Amino acid sequence: MTTTPSRKIVVFSGGSAANSLVDVFNELIERNNCTLSYIIPISDSGGSSSELIRVFGGPGVGDIRSRLVRLIPSTNAPVLHFFNHRLPSSSVQASAEFPTLLDLTSPLYHPIPAPQALLIRSVLSHLHLEILKRIRPPSSTFNFQSASIGNLFLTGARLLTGSFESAIYLLAIIGGVDESRTAVLPAIVSNFTHHISAGLTDGTIITGENAISHPNAPTALPESPN
């Protein structure tokens with residue numbers, strides 16, 4: 001008879017930085033017969049997350065997507081590869097590849113079972129519809145450069161269901177993540193954008209995760225004179 005684990009582990013971490021520890025935590029929960037929850041921030045403001053926030057608002061999905069994809073088992077490699085894929089860095093090539101995700105002609109779909117592929121396509125098609133509602137070419141367009149498909153999917157699922165938690169659940173189910181043992185939870189349950197800020201000793205405030213970790217200008221203060 002299978003017993004429900006009574007002990008629980010909670011890990012507060014960022015996105016990709018702690019992905020190397022996932023195997024360690026998996027061994028830990030197996031050895032101790034317990035469950036594990038990852039609490040992940042929603043303040044990611046870099047990469048393709050920044051473009052999704054610019055157009056749709058909402059939480060930064062990059063760190064959540066990174067952990068979810070890391071938890072997809074190797075037995076579901078085609079789905080893992082799909083959600084890990086990024087569109088080309090060329091704007092022209094990226095804009096040309098995205099439609100192949102909508103008409104199922106992308107080779108990324110070929111090894112994925114039809115029910116899963118059709119569900120993914122439906123979510124991405126809804127995202128495309130929402131993009132068309134918001135952009136006004138040529139002055140306003142959506143930048144698909146280096147866009148993470150996983151990020152696009154999570155945003156599309158959130159817009160479709162009205163719930164970020166539901167979007168996370170949907171990606172986890174498609175990816176085969178065992179949510180009875182391992183859960184990925186947003187640090188703040190919200191459909192709005194949240195940023196972190198850092199205060200420097202000179203009184204300067206830097207807002208935005210990307211601005212803090214990848215500043216455009218040096219932020220180190222000169223050494224005080226002796």
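This tour moves through a predicted model, beginning at one strand and continuing to the aromatic rings.

**Strand 2**

Select residues 35–40, which make up strand 2. This strand is mostly covered, as six of its six residues are buried. Colour the two faces separately to follow the pattern: Thr35, Ser37 and Ile39 lie on one side, while Leu36, Tyr38 and Ile40 lie on the other. Both faces are covered, and the residues named on each side are all buried.

**The neighbouring strands**

Add residues 8–12, which form strand 1. Strands 1 and 2 run parallel and are joined by five bridges. For a point of reference along this pairing, pick valine 10, whose bridge partner in strand 2 is serine 37. Now display residues 22–32, helix 1, and trace the chain from strand 1 through this helix to strand 2. The β-α-β crossover made by this path is right-handed.

Next, select residues 182–186, strand 3. Strand 3 runs parallel to strand 2, and five bridges join the two. Keep serine 37 in view here, since alanine 183 in strand 3 stands opposite this residue.

**Tyrosine 38 and its surroundings**

Turn to the side chains. The structure holds seven aromatic pairs. To inspect one of them, show phenylalanine 25 and tyrosine 38: the ring centres are 6.1 Å apart and the planes stand at 80°, so the pair is edge-to-face. Phenylalanine 25 belongs to helix 1 and tyrosine 38 to strand 2, so their contact ties together parts that are 13 residues apart in sequence. Both phenylalanine 25 and tyrosine 38 are buried.

With tyrosine 38 still selected, bring in arginine 67. Arginine 67 lies over the face of the tyrosine 38 ring, at 4.7 Å from the ring centre.

**Further aromatic rings**

Move on to phenylalanine 82 and phenylalanine 83, which form another edge-to-face aromatic pair. Their separation is 5.6 Å centre to centre, with 90° between the planes. Is phenylalanine 82 buried or exposed? Phenylalanine 82 has a relative accessible area of 0% and is therefore buried, the threshold being under 20%. Phenylalanine 83, also at 0% relative accessibility, counts as buried too.

For the last stop, select Phe56, Phe98, Phe142 and Phe144 together. These four residues form one aromatic cluster.

Technical notes: Residues are numbered from 1 along each chain as its sequence is written. This is a predicted model: local features need pLDDT of at least 70, side-chain atom pairs count only at pLDDT 80 or more; totals for chains, interfaces and linings use all residues. Side-chain values use heavy atoms; hydrogens and water are left out. Buried means under 20% relative accessible area, exposed over 50%, partly exposed in between (1.4 Å probe, protein chains only). Helices (H or I, at least four residues) and strands (E, at least two) are DSSP runs, numbered from the N terminus. Two strands pair if DSSP finds at least two bridges between them. A crossover is right-handed if, with the strands pointing away from the viewer, the path from the first strand over the helix to the second runs clockwise. Rings of Phe, Tyr and Trp (its six-membered ring) pair if their centres lie within 6.5 Å; planes under 30 degrees apart count as stacked, over 60 as edge-to-face and the rest as tilted. A charge sits over a ring if NZ of Lys or CZ of Arg is within 6 Å of the ring centre and within 35 degrees of the ring normal.
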